[in-house]
Amino acid sequence: MVFLPPPHLASASRPTYAEAYANILVAHRRSPLTSASSVIILVAPDVDALCAAKILADLLKQDDVMHRIIPVSGLADLERMKDELVTYEELHTLILLNMGAILDLSSENWFGEFSMKLTVHIIDSNRPQNLANMFAGGENGERFIVWDDGEAENMGEERKAWEALMYDPDPDSDEDSESDDEDDVRSNEGDDADDDNGFSERGPSGKRRSLGDGDRSQEKRRKLDDEPTRLSREQRDTYHELIAKYYGSGSWYGQSASATMYILATVLERVDCDLLWLAILGLTFQYTTARISRDTYDKYHSIYYDEVFRLNPLPPDVAANTSDAITATSPDDLSVRVVEELRFMLFRHWTLYDSMYHSSYVAGKLGIWKERGRKRLTGLLAKMGFSIPQTQQPYAHMDLDLKHQLRAKLDSIAPEYGLVELTYPSFARCFGYRASPLGAADAVEAVSALLDVAGGVRMEVEVEGARHGGEWFGGGRLWEGGRNGEEKRIEVDGRQKDGDDDVDADVDGEERKERTWWVKNFWAAYDALSDIVPLRDALSLAMSLHRAIIRQGTSIIDKQDIRTMRSHRVVVLSQGPDLALFAHPGVLARLGLWLVDTLRDRLPGTKIGGLQGRGKKSLPFVVACLNEKTQTYVVVGIMGALDFGDVRRNEFGLAFIEAKQRCNARSRHNTFDASVLEIEQEDLKLFLETLCEVGEGY
């Protein structure tokens, strides 16, 4: 068995996280060629993976284990990294964070031909997972270890079907190959990365054999020798349907990778406030990006709630203070607090009006893209007794009595405007004398902004006190990307730095430049997780990002750029001042989430077919943005939910693959998310038309 159950499901015969970690230490200390390339951690570009990498790096550092952390942007990047890793003779442990679960890693196309001393650990919150990684045996299969969250315990039927088809002694070669192809549905997402990271003229066939060779073939022969009962055609069809249903039901998310690492730290008895804070950020990231439902969030929140009080015993008077005005108890106070977080964007660091204006929840309820909605927002604040000067200055400078009254006023007046779910349980952390307390959602926004736009795109951030023509007529600052997170002043005449004018016309040079920026963004975000100074500075970058999202979103709604199809809604961005910004998949996905949340209660939905045919749902969104440099469109698919706080499985991954196969669109997947696609500009129209045909079931 090659999946590790969580500690509460472990037994003497079933090892868990601690045993796997101990094996990493043993392999490292016994290796004669110990170096930083002996243990390599490949990290996906999201906040959860960053937090997990930070926790794991801290544990390895305590055990004096040299290691390397390498950021990997997508499938094509992972394939290039695989070719490089083959040359590392001293490599004995490879850890994949938030990547690889859907791939058959033991096949020849990935790591099946690596040295038998290599052990691959898969710690991935993406679902579904490849059944071959989880249930394949033999010496080769045992080298691939999936750190499971307990979900595999409920997959008895899928395991039975996979093993039956894998070891079924069917003499009909056509049917046998058909079973392999049917079982390979899940590898379609991995097949779309071209070998040279270029565009393919035709869509991939999706028929790559992803079942590993080597010891698995020996096991199959052993099964044949035992002469088991041959499956009937009806049984084979039933098993095919079961596996196809598992892989074809869309993508979803399980336990966060940072939570898995925190459980490991708990078992090793090494938890502290720093590791707890990282685990909280990973959970908050999943919730704020609509990857998990409110019920799932509450389940993990209750666990971290107990951990906060276990690691942060507070005086009774401080513990009883549940107001939003959190203060540190001492200059060295680094404790984590339990708070009721308002659904206002960065409200502790922005003005109260701006934080409410840039909240997708408030936008959807009040309709802030219209003048009438903005007047309703101003009327709400006036009815609460908050004057315009108070709501237009930073929250930290507001009158203290207004801060204490904010929660009570909202509870009594906001329901009149339909704002009934303004809070959710969360956490905040104090940083002593170095910075004001920071909420978990605010920290996630800052780190996400660093990942997406810290470099590679010009971002203007607001200077505090420069609004309304102050300080040289409201001059802003140009965010300067890089690990130092510096900012530079924009001159009034709009002059740019000399380095910005040096643009390489060569396509390969552009790709290298983009990769350089992306790697710098990764390390800037990674450093900010443990340094409050760049994290605090990144809050202004997050504000500028949300201004751009609101600006673009309101423009889309005002100009009625949303096209309604039979199964989804489509938005295509082909012009505008922020086009370069929304060419980043992460920023484009945020815009799509804002549109879904904002229009959930305002646009008619469609009935869900099948067994779920009750009520209404908001339609899924397909958002496309033109990348003027490469003359391609970045396409993101986002599934709408029935109600606020609910999450649906994203079925756009398989829909995108099927649509581009039908129309032979030239495309590529640059990320680990199958619902994000880059497609040639000329092929977009045909692709969207074909997507309507395959998406009627959504």
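Two residues are in contact here when they have heavy atoms within 4.5 Å of each other. Keep that in mind as you look around this predicted model. The protein has 698 residues, and 57% of them are buried. You'll find 28 helices and 20 strands in it.

**The big picture**
- Take the contacts between residues at least 6 apart in sequence: 76% of them join residues at least 24 apart.
- The accessible surface adds up to about 30,000 Å², and carbon and sulfur atoms own 48% of that.

**The largest nonpolar core**
- This core holds 206 residues, and Leu42 and Leu85 are the ones with the most contacts inside it.
- Helix H24 (residues 532-558) supplies the largest share of the core, with 13 residues.
- Leaving aside residues up to four places away in sequence, Leu42 touches Ile70, Val72, Leu78, Met81, Leu85, Leu94, Ile95, Leu96, Leu97 and Met99.

**Helix H3, an enclosed helix**
- H3 covers residues 75-85, and it is largely enclosed by the rest of the structure because eight of its eleven residues are buried.
- Those buried residues are Leu75, Ala76, Asp77, Leu78, Glu79, Met81, Lys82 and Leu85.
- Here's a link back to the core: Leu78, Met81 and Leu85 are among the residues that Leu42 touches.

**Helices H1 and H11, a crossing pair**
- The axes of H1 (residues 17-30) and H11 (residues 257-267) come within 9 Å and cross at roughly 85 degrees.
- Angles of 65 to 115 degrees count as roughly perpendicular, so that is how H1 sits relative to H11.
- On the H1 side, Tyr17, Ala18 and Tyr21 do the meeting; their counterparts in H11 are Thr260, Ile263, Leu264 and Val267.

**Strands S9 and S10**
- S9 (residues 336-342) is mostly covered, with five of its seven residues buried.
- S9 and S10 (residues 423-429) run antiparallel and are joined by seven bridges.
- To spot one of the pairings, start at Arg337, whose bridge partner in S10 is Ala428.

**Ala132, up close**
- Ala132 sits in helix H4 (residues 131-135).
- With a relative accessible area of 2%, Ala132 falls below the 20% cut-off, so Ala132 is buried.
- Glu163 is 31 residues away from Ala132 along the chain, yet their C-alpha atoms are separated by 9.3 Å.

How values were computed:
Residues numbered from 1 in each chain as written. Predicted model: local features only at pLDDT ≥ 70, side-chain atom pairs only at ≥ 80, totals over all residues. Heavy atoms only, no water. Buried < 20%, exposed > 50% of the residue type's maximum accessible area, 1.4 Å probe, protein only. Helix = DSSP H or I, 4+ residues; strand = E, 2+ residues; numbered from the N terminus. Pairing = 2+ DSSP bridges. Areas by Shrake-Rupley, 256 points an atom, 1.4 Å probe, with all protein chains shown as cover. Core = buried A, V, L, I, M, F, W, Y, C linked by side-chain atoms within 4.5 Å. Axes fitted to C-alpha atoms, helices over the stretch in contact; angles between N-to-C directions. Parallel < 35°, antiparallel > 145°, perpendicular 65-115°, else oblique.
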